[in-house]
Each structure stands twice: as C-alpha cells, then as structure tokens.
Amino acid sequence: MALARTRTRTPTLPRPTLTILILALIGFSLYNSSSEAFHGGPDSRRRSMVLPLYLSPSNSSSHAHRREFQGRRLHKSDNRPNARMRLYDDLLSNGYYTTRLWIGTPPQEFALIVDTGSTVTYVPCSDCEQCGNHQDPRFQPNSSSTYEPVKCNMNCNCNKEGVQCTYERRYAEMSSSSGVLGEDVISFGNESELKPQRAVFGCENVETGDLYSQRADGIIGLGRGRLSVMDQLVDKGVIGDSFSLCYGGMGIGGGAMILGGISSPRDMVFAHSDPYRSPYYNIDLKAIHVAGKPLKLSPKVFDRKHGTVLDSGTTYAYLPEEAFHAFKAAIMRELHSLKQIHGPDPNYNDICFSGTGRDVTLLSAIFPQVDMVFGNGQKLSLSPENYLFRHTKVRGAYCLGIFKNADPTTLLGGILVRNTLVTYDRENNKIGFWKTNCSELWKILNYPSSPPPPVTPLVSDSLNGNTEIPPSIAPDGSHPTFFPGEFQIGLISFDMMLGVNKSVKLNFTELTEFIAHELEVKVSQVHLMSLKVEGNYSLIRWAVFPAKSSEYFSNTTAMSIILRLKEHHMQLPEKFGSYQLVELKVEPQMKQSWWKQHHLWTVTIGVLVTLVFGLLTLGAWLFWRQKRQEVGSYEPVGAIVPEQELQPL
C-alpha cells in the first residue's frame, strides 16, 4: 500500500519524491547495509539509519546504534565554518529545489535536488549506459586529477568485475538510480565558508523513470546514513551536526541552504525529533488549530505508523484521512464569501476557491491562520501560502495544498515551510522553524556579503567596440574590486531563446518579474527590448539598466549579473518553457558631453529665456496694434467730414 500519492503540476515528475513511500512497499528495518559501508575494515561496520535496498540481518545492538549518534555530540559546532549555498527552481513549478555542487579537480558543476529523504548523493557518469539529458554535462572521472574509485571490499556490493563498490536506489514511483561509488573533492561555491572536502558519491550508470526525464542532474542526499553528505562532513569534524533550509515564497522560488550549525533566532520554534524512530526527520506534532480553534482530534492521529515526517523533497502535505476531513471542514467554515470551483487537473479532486485576487499579501485577510502545536506546547503559525497553491487555469483562484493520505503517516512537504527557515539540529534531536523572507535570508541573518564565484573571461560585442570582461580572480589570487582602467558598466543586455508551447500565452510582465528576481535587481531595471517568434521558439532581447539613482552598475553587482547569466544560474518556472542564452553584451558607461551633464540647467534656462522673449514680443505686438488703430483710422465713403484747408505750396 502506498503511503501517499505523488502529485506534480508538470508533465513529468522531476524528482523521486516521497522517498518514504518505500517503507510501505518493502517494510522498515534498521540494517547494516553493504551499499552504505564504503570504507573497509571492521571499524566501518556501523548500524546506519537508512532504508534498505537489500534486506540483511543486523549485527549490532540498539545500544551501539545509540552510541553512534551520541558520539557526534563531542564536536563543538559553534566556531566551525558552514557551507552557505543558494537554492534554485520553484517547488510547485518544478517539483523540487536544486543547489549547485562542484565535484573534481578542476571542478565540474552539477544541479542537484535537495532531498532530506535520501542518503546518497549521485550524478550521471560519463560512461552511463542509460542516463537522460540533464542540465549539465555528465561527470568525467578521467578529467579529475583527484578522483578515486571506492575499491571493492567485504562491506559493499561490487560490480561485475569485482573491482569497484556499487550503489542502487529504488523509489516508490518506479524510478531508480544505480552505479559505482567514487571519492573526489566536492566544493560548495564561493559563498561558502567551508573549504572543499573529499567525499564519497555515486557515479550513475543507469537511471530510470522520472530520474531519467528530470532536468536536474541528480540528488544531494541530506538524510541520515553513511553516504549522506551531512554524515560524511560531520564524521570529518569540519561542520557541526546541523543544517538549515529556507524555501522561497509563493511564486518566487529560490532560497538558501546552510550545511553546518548557525545561531538560531531567539523566536525560533522547536519540535522534538526522534532519530531512532525512523530514518527520516520527524517531529512530535500533537494538534492543528484553524482560526484559533483546535481540530477535534486525538493527538495519537499524528503519531501513527511513521509519525509526522518532514520531507524537503515532497511537494505538498498529506494528512491521515481523519485529520484531513477535519482540516478541510474547518477551512470551509471560515470561507463564506468565496466560490468553490474545480481544480486545474481533472485527475485530482482538488479543493479550490475563486475570487481572492492574485496579491499573495492579501490572502491572510481572506484565509484563516493555521497553527501546528508541538509536544512542548510551542506553535508554528502557517500563513495561507503554506497550505495553498495557485490555480493554474483561473486567475485569482487558489487550491488547498494539503491532501488526504491513505496511509496513517502524516507527511509534511515543502509547501508547508515556504518562507520558513528550517534548522535540522541533529546534534540535539530537534527541528526549528522560523518565519522569514527566504529571498533575503543572508541580509536577515547579518551574514557578510560574499564575493561572486569565479567567472572565466568573457568577450562581448558592445555598440562601442569589443570589451573584454576580466576574470573575477586576479592573477595573484586576490579578488579585484574594480575593472581595470576607467571601465564602468552602464548596460547589460542578453538574447534569450525561449522554447514555449504555442498554446501557452506568455505573460511578459510576470516573466520580467522572475528575471529581475533571479538577477537580484529591481523590476524597473529589466526591460524587454525586442521579440522575434520563429516556430516554437521566441528570441527575446532583454536589457538590464542600473538603478535610477546610478549611472552605472557597481562592479560587484555587474559581475553577479554576468555570472548568473553566463553560467545559466537563472532558473525560470517551467511554465515559461526552456531557455538558452544566445548572446550576452556588456556596454560601458557612456561618457556624457557637457550638454548631457548639464542638460537640466540648460533646458531650464532655455525655457525661461524663451518665455521672457515671448512675453516681450507679445507685448510689443499689442502696443503696435493699438497705435495703428489710432493713426490709421478712416471714415467710410460718403461720410460727412469737415473741409480741410490746403496748405500753401
């Protein structure tokens, strides 16, 4: 029996969501998985909290299992660095969030789905026999000077040649990933304090199902298990046993991820998380309130089967049948003025309402507040964007993003924590929640600004000749703070080839907003310059101008925009189709003439002079006209006039 059905708003399911479904398919057990043990020797046999691919008997006791997690508390996480990483894509449009990870020397870049329900991190290998076409090129082991295969040993499954360890992962939606295990240097980007580290990862040879068709390259596993990136970094002692995720709000997407400990905000709400109950991150949910009124449910309803599970890779939330009906009824009682309509997908009986308007900030005045109450009495308040999603066919309509689960487990997906900083404090067995604006998390947490990642030289044809943009890393290894000479960027333009469905009408206002958000500039700075349609493709030229108060971009801002465009870090919702950057132009600030520099004063003086001259001219003309009427007046023919004496000659 499936634990919950997978839902998506895109034609294909882009990620192996609901990894926890496997529990219902093949049962749950704690095991010493041969595919998880990747270092030889008797000390490597630890009882890992992972989901088995091949069930095998356990050789360790429950006490040993507990000691494994307690041993990590010896590490102090206060002063250790962490890896700050951006999140891309959008949960409802793409079905997942991705982050960027670099593997090898020199680094090879990959877009990986962030998944707290998976343990293995894997990317397609260059010799993959069955891998789809993804966002980035496949990993080339032979091109990395630091790559080493994980040699076959008694604690792992081996390939046919008996030389290298292998891994295999199967998911409930009938997708799978399998390949060999390798070890190499992984890097987290220039925004990270954490230096590159060696880690074991999967190099895919075969992928099936949705893994084959998704745009993302692979998965970064943040769950509990020996192959998890978190477990490997924690075992090395380089980060604290904690990580945080922050998903962007409705219609915005993006966000942030931090591997390692951070200082928790004072008003962060915490829930206990039991690492021994299941291999997934769970919380002790006790009650749900709608508009301040508790649902009439026993607390045990949220504690059945696998309890209440938090999964970053699941899109929506799923409640046990009893809890779902109570929640639905409570929401309906609070919505008196809205009309219920059919959902956007005929395959699902969605609960949707029209007449609310598109302004997300006004939803709180229409939809009730929902509170989740934890075992310690603390509450997590949910705004409407945490349990609603936009209707894709009716403007100003929204649907419930919480559904009935045929399984007794309560499953909380990413929609529930949009614009919420979620800290997985594994060291202290608790999960924290803090409502915030995830698009500006670094500013809110008062992190110092980081230099942009390195960019290779870029030659662009500007209107004033060819201009070469230097790398962001100077020859001596330092970061330049300005462009050489007097070069200042006054305009950045780019041509975008957008592949769209003819049946879909492009909303250029909305597209402009997304581009501005991805480039981290104001909407008023992004302008559509030209549009040319050829078949199913549209060639669009965009221009990015400096802010109104400036005549040119700061070097940091310019390099950030150039990097995001050049390295295709700009992620647009899938409804806009796929895009390709055709050409990028950078134009220097135009040197203004004396006239342009003083045009305001010049125009003002000119207007005043013209006005004065005009008034003087008008006055002179009126005076002349009056005098002429007086001198040149005459009597009509036949009028009686006095005789005039002739003057003597």
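**View 1. V394 and its surroundings in the predicted model.** With a relative accessibility of 30%, V394 counts as partly exposed in this predicted model, since partly exposed covers the range between the 20% limit for buried and the 50% limit for exposed. V394 sits in the loop between β22 (388-390) and β23 (398-400). C352 is 42 residues away from V394 in sequence, and the two C-alpha atoms are 9.9 Å apart in space.

**View 2. The two annotated aspartates, D115 and D311.** An unreviewed UniProt entry carries the annotation "active site" for D115 and D311. Although these positions span 197 residues in sequence, no two of their C-alpha atoms are more than 7.3 Å apart, so they gather at one spot. D115 belongs to strand β3 (residues 108-115), whereas D311 is placed in the loop between β16 (308-310) and β17 (317-320). D115 counts as buried because its relative accessibility is 0%, and D311 also counts as buried, at 4%. Each aspartate has a polar contact to show in this view: the side chain of D115 contacts the side chain of S118 at 2.5 Å, and the side chain of D311 contacts the side chain of T314 at 2.8 Å.

**View 3. The salt bridge between D231 and R426.** The structure holds 12 salt bridges, and one of them joins the side chains of D231 and R426, with an N to O distance of 2.9 Å. This pair links distant parts of the chain, 195 residues apart, with D231 in helix α5 (residues 229-236) and R426 in the loop between β26 (420-425) and β27 (430-435). Both D231 and R426 are buried.

**View 4. The salt bridge between D303 and R277.** In this pair, the closest N and O atoms of D303 and R277 are 2.4 Å apart. D303 lies in the loop between β15 (293-294) and β16, while R277 lies in the loop between β12 (269-272) and β13 (282-283), so the salt bridge ties together parts that are 26 residues apart in sequence. Both ends of the pair can be described by their accessibility: D303 counts as partly exposed at 42%, and R277 counts as partly exposed at 30%.

**View 5. The salt bridge between D495 and R541, and a network of charged residues.** The side chains of D495 and R541 meet in a salt bridge with an N to O distance of 2.7 Å. Because D495 lies in strand β30 (residues 489-499) and R541 in strand β32 (residues 537-544), the pair ties together parts that are 46 residues apart in sequence. D495 is buried, with a relative accessible area of 8%, whereas R541 counts as partly exposed at 30%. In addition, salt bridges that share partners join R86, E191 and E520 into one network.

**View 6. The largest nonpolar core, centred here on L259.** This core has 91 residues, of which L259, F327 and F433 touch the most other members. Helix α6 (residues 321-334) gives the most to the core, contributing six residues. Domain 1 (83-239) and domain 2 (256-446) both give residues to the core, so it lies between them. When neighbours within four places in sequence are left aside, L259 is in contact with a set of residues including N82, A83, M85, F188, L222 and V229; M230, L233, I239, S242 and F243 are also among its contacts. Another core lies apart from this one and has 29 residues, among them I492, V526, I540 and L572.

**View 7. Backbone details at P106, A291 and N429.** T105 and P106 are joined by a cis peptide bond, for which omega is about 0 degrees, and P106 lies in the loop between β2 (98-103) and β3. A291, a residue other than glycine, has a positive phi near 55 degrees; its place is the loop between β14 (285-290) and β15, and with a relative accessible area of 34% A291 is partly exposed. N429 is likewise not a glycine, yet has a positive phi of about 55 degrees. N429 is found in the loop between β26 and β27, and at 13% relative accessibility N429 counts as buried.

How values were computed: Residues numbered from 1 in each chain as written. Predicted model: local features only at pLDDT ≥ 70, side-chain atom pairs only at ≥ 80, totals over all residues. Heavy atoms only, no water. UniProt positions renumbered as here; feature names shortened; annotations may be inferred. Helix = DSSP H or I, 4+ residues; strand = E, 2+ residues; numbered from the N terminus. Buried < 20%, exposed > 50% of the residue type's maximum accessible area, 1.4 Å probe, protein only. Polar contact = N/O pair within 3.5 Å; in protein donor to acceptor, adjacent residues only side chain to side chain. Salt bridge = Lys/Arg side-chain N within 4 Å of Asp/Glu carboxyl O. Core = buried A, V, L, I, M, F, W, Y, C linked by side-chain atoms within 4.5 Å. Domains from an automatic or database assignment. Contact = heavy atoms within 4.5 Å.
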